[in-house]
Amino acid sequence: MRLQRIGLILILGVAVLIGCGGGEEAREAAAPEPEPMAEDHSMHEMLTASASLQSREGFSVSGSVAFEQMESDGPVTITASIQGAPVGSRGLHIHEVGDCSAEDFTSAGGHFNPAGVPHGGPADSERHAGDLGNIEIGEDGSGTLELTSDLITLVAGEPTSVLGRGVILHEGTDDLMSQPTGAAGGRIACGVITAG
Ligand code: CU
Ligand code: ZN
């Protein structure tokens, strides 16, 4: 009688263990389900990036440049908003390196130019991907610029991706012709383009 009861307890114990195992399997099987939904959602999610500008010593420039891309193979809308800059047309470019560590911001390298073409203006068919032209700074030291580019992307890892690159505001005016920089003068503000 006692042996039979021990036997029954063992059988029940094994049954409980199997039951638990089965439950875990069921949960594991259910877990991956949301994944296709998340993937599908990201396809329609707008890609965004931004750069916050820091001023060169001796200037008091501030501002930001926002990037938006509706589709991963679509154009990128660029919106710059700048304060505390000298009045007039000031050259604005995406530079190759997102490094603002040098006092004169030369650490940001040259214009972002993945296609290896000459410098130009934003309306030229042949231009650096980083050529954003000039931003008009008013009497109050502020200005905004909005333009659309099909030469850059916010998709990480692509050759034309601007993520991790630099934005430079120049002291002078980009003449949209002179090689290789548009003769825009010194660099007075710098920012690093980061996703989000
Ligand atoms: Cu520049
Ligand atoms: Zn250029």
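**Exercise 1.** In this predicted model, determine whether Asp-131 is buried or exposed, and identify the metal site to which this residue belongs.

*Solution.* Step 1: the relative accessible area of Asp-131 is 2%. Step 2: a residue counts as buried when this value is under 20%. Asp-131 is therefore buried. Step 3: Asp-131 supplies an OD donor to the zinc ion (ligand 2). The other protein donors of the zinc ion are the ND1 atoms of His-111, His-119 and His-128, and the donors lie 1.9 to 2.0 Å from the ion.

**Exercise 2.** Explain why the arrangement of donors around the zinc ion (ligand 2) is classed as it is, and describe how the donor residues are spaced in sequence.

*Solution.* Step 1: the 4 donor atoms subtend angles of 98 to 117 degrees at the zinc ion. Step 2: four donors count as tetrahedral if all angles lie between 85 and 135 degrees. The arrangement is therefore tetrahedral. Step 3: along the chain, the donor residues follow the pattern H-x7-H-x8-H-x2-D. Step 4: within this set, His-119 belongs to the loop between β4 (88-95) and β5 (131-137), whereas Asp-131 belongs to strand β5; the two are 12 residues apart, and the pair links distant parts of the chain. Step 5: His-119 has a relative accessible area of 4% and is therefore buried.

**Exercise 3.** State which residues coordinate the copper ion (ligand 1), and locate His-95 and His-170 among the strands.

*Solution.* Step 1: the donors are His-93 through ND1, His-95 through NE2 and His-170 through NE2, at 1.9 to 2.0 Å. Step 2: their spacing along the chain is H-x1-H-x74-H. Step 3: His-95 lies in strand β4 and His-170 in strand β7; this pair, 75 residues apart, links distant parts of the chain. Step 4: the relative accessibility of His-95 is 1%, so His-95 counts as buried. For His-170 the value is 4%, so His-170 is buried as well.

**Exercise 4.** Describe how strand β4 is paired with β5 and with β7, and state how many of its residues are buried.

*Solution.* Step 1: β4 and β5 run antiparallel and are joined by 5 bridges. Gly-88 stands opposite Ile-137 of β5. Step 2: β4 and β7 also run antiparallel, with 4 bridges between them. On this side, Leu-92 stands opposite Leu-169 of β7. Step 3: 7 of the 8 residues of β4 are buried, so the strand is mostly covered.

**Exercise 5.** Characterise the surroundings of Leu-169.

*Solution.* Step 1: Leu-169 is placed in strand β7, which spans residues 166-170. Step 2: its relative accessibility is 0%, so Leu-169 counts as buried. Step 3: beyond its neighbours within four places in sequence, Leu-169 contacts several residues, including Val-61, Ile-82, Leu-92, Ile-135 and Ile-188. Step 4: the C-alpha atoms of Leu-169 and Asn-134 are 8.9 Å apart, although 35 residues separate them along the chain.

**Exercise 6.** Find how many disulfides the structure holds, and explain why the handedness is assigned as it is.

*Solution.* Step 1: there is 1 disulfide. It joins Cys-100 to Cys-190, with an S to S distance of 2.0 Å. Step 2: the torsion about the S-S bond is about -75 degrees, so the disulfide is left-handed. Step 3: Cys-100 lies in the loop between β4 and β5, and Cys-190 in strand β8 (residues 187-192); the pair therefore ties together parts that are 90 residues apart in sequence. Step 4: Cys-100 is buried, with a relative accessible area of 10%, and Cys-190 is buried, with a value of 0%.

Conventions:
Residues numbered from 1 in each chain as written. Chains lettered and ligands numbered in written order. Predicted model: local features only at pLDDT ≥ 70, side-chain atom pairs only at ≥ 80, totals over all residues. Heavy atoms only, no water. Buried < 20%, exposed > 50% of the residue type's maximum accessible area, 1.4 Å probe, protein only. Contact = heavy atoms within 4.5 Å. Donors = N, O, S within 2.8 Å, 3.2 Å for Na, K, Ca; no water. Tetrahedral: all angles 85-135°; square planar, octahedral: opposite > 155°, others 65-115°. Disulfide = S-S within 2.5 Å. Pairing = 2+ DSSP bridges.
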